[in-house]
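Got your viewer open and a selection box handy? Let's walk through this one stop by stop.

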Amino acid sequence: MRLIQLSRESLNFPPPEMALREPNGLLAMGGDLSPARLLSAYHRGIFPWFSPGDPILWWSPDPRAVLYPESFHLSRSMKRFHQQSPYRVTLNQSFYDVIEGCASNREEGTWITNEVRRAWLKLFEAGHAQSIEVWHENELVGGIYGLALGQIFCGESMFSRRENASKTALLVFSRYFQQQGGKVIDCQVLNPHTASLGAEEIGRADYLHQVNSLADQPLSANCWQPQTLF
């Protein structure tokens with residue numbers, strides 16, 4: 001099947017069901033990373049991922065990895081660690097530093113290019129993107145950033161510079177998100193780290209149904225205001 005080339009003049013995407021089986025979920029290429037296009041993509045269960053120097057690639061894998069907040073797996077060792085945690089966790093207090101941490105925390109290189117950074121900063125400034133920060137004293141040691149779609153949070157990337165920092169971010173955020181009415185945390189593709197925390201795979205059709213039913217449902221008022229969560 002031929003890969004569809006997106007036009008910069010249109011925000012339309014092909015149906016996710018047209019995505020390739022190999023590589024799993026590759027749907028289209030091209031377009032841009034404007035806030036309007038990114039919002040259009042995530043509302044359709046599509047996200048961008050590409051290597052530096054490559055064209056923008058758009059994906060909708062089947063199966064899809066999700067974490068239901070009530071199913072977060074807290075191991076005994078993590079429970080003990082969290083009970084005496086040295087960390088403080090905040091919401092939306094240092095978005096730029098979180099995305100920089102995610103970009104610089106990978107030995108194999110990063111897909112979070114300057115273009116991607118600028119795109120997500122625009123989403124944050126418009127109130128669509130959110131960050132969770134983990135601090136040890138005054139040092140940022142971990143975090144997550146992603147996109148808020150009603151009662152779905154689309155996790156984009158996370159990083160950790162100290163023991164259990166990213167686990168702490170996801171643990172504290174999943175509890176907070178559930179309290180505010182959140183139902184689903186999108187993890188895109190399952191990996192050993194997210195699987196160990198309770199993420200699971202569901203069919204793409206099931207995920208798209210959840211997006212359609214939850215993306216326009218509200219959370220508690222002011223839930224994304226900068227604050228300390230833990």
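Start by selecting leucine 26 and tryptophan 59: the tryptophan sits in β4 and is the bridge partner of the leucine. Keep in mind as you click around that this is a predicted model.

Now widen the selection to the two strands. β2 covers residues 26-30 and β4 covers 57-59, and the two run antiparallel, joined by 3 bridges. Add their neighbours and you have an open sheet of 4 strands in the order β1-β2-β4-β3, with mixed pairing. At the edges are β1 (4-6) and β3 (47-48), each of which pairs on one side only.

Next, colour by domain. The domain assignment puts domain 1 at 4-61 and domain 2 at 65-228. Drop a centroid on each using C-alpha atoms and you'll find the centres 22 Å apart. How many residues of each domain are in contact with the other? The answer is 19 from domain 1 and 22 from domain 2.

Switch to a surface view for the seam between them. About 1800 Å² is buried between domain 1 and domain 2, and carbon and sulfur atoms give 70% of that area. On the domain 1 side, select Leu39, Tyr42 and His43: these lose the most area to domain 2, together 33% of what that side buries. Don't go hunting for salt bridges across the seam, as the count between the two domains is 0.

Time to move into domain 2. Select strand β10, residues 184-188, where 5 of the 5 residues are buried. In a regular strand, side chains alternate between the two faces of the sheet. Turn on sticks here and you'll see Val184, Asp186 and Gln188 pointing one way, with Ile185 and Cys187 pointing the other.

Show what flanks β10. Strand β5 (64-67) pairs with β10 in the antiparallel sense over 3 bridges, and valine 66 is the residue standing opposite aspartate 186. Strand β9 (152-160) runs parallel to β10, also through 3 bridges, and cysteine 154 has aspartate 186 as its bridge partner. Trace the backbone from β9 and you pass through helix α5 (165-179) before reaching β10, a right-handed β-α-β crossover.

Stay on aspartate 186 and show its side chain. What does aspartate 186 form a salt bridge with? Select arginine 64: the closest N and O atoms of the pair are 2.9 Å apart. The link spans 122 residues of chain, from β5 to β10. Are these two buried or exposed? Aspartate 186 has 0% relative accessibility, so it counts as buried; arginine 64, at 1%, counts as buried too.

Side chains of opposite charge can pair when their charged atoms come close. The count comes to 4 salt bridges, so here are further ones to click on.

Select arginine 117 and glutamate 100, whose closest N and O atoms are 2.5 Å apart. Arginine 117 lies in helix α4 (114-125) and glutamate 100 in helix α3 (95-104), so the pair ties together parts 17 residues apart in sequence. Arginine 117 counts as buried at 16% relative accessibility, while glutamate 100 is partly exposed at 23%.

For the last stop, pick glutamate 139 and arginine 162, which meet in a salt bridge at 3.9 Å, N to O. Glutamate 139 is in strand β8 (139-149) and arginine 162 is in the loop between β9 and α5, 23 residues apart. Glutamate 139 counts as partly exposed at 38% relative accessibility, and arginine 162 is partly exposed at 38%.

Terms used
Residues are numbered from 1 along each chain as its sequence is written. This is a predicted model: local features need pLDDT of at least 70, side-chain atom pairs count only at pLDDT 80 or more; totals for chains, interfaces and linings use all residues. Side-chain values use heavy atoms; hydrogens and water are left out. Buried means under 20% relative accessible area, exposed over 50%, partly exposed in between (1.4 Å probe, protein chains only). Two strands pair if DSSP finds at least two bridges between them. A crossover is right-handed if, with the strands pointing away from the viewer, the path from the first strand over the helix to the second runs clockwise. Domain bounds come from an automatic or database domain assignment. Contact means heavy atoms within 4.5 Å. Buried area is the accessible area (1.4 Å probe) that two parts lose on being put together, summed over both.
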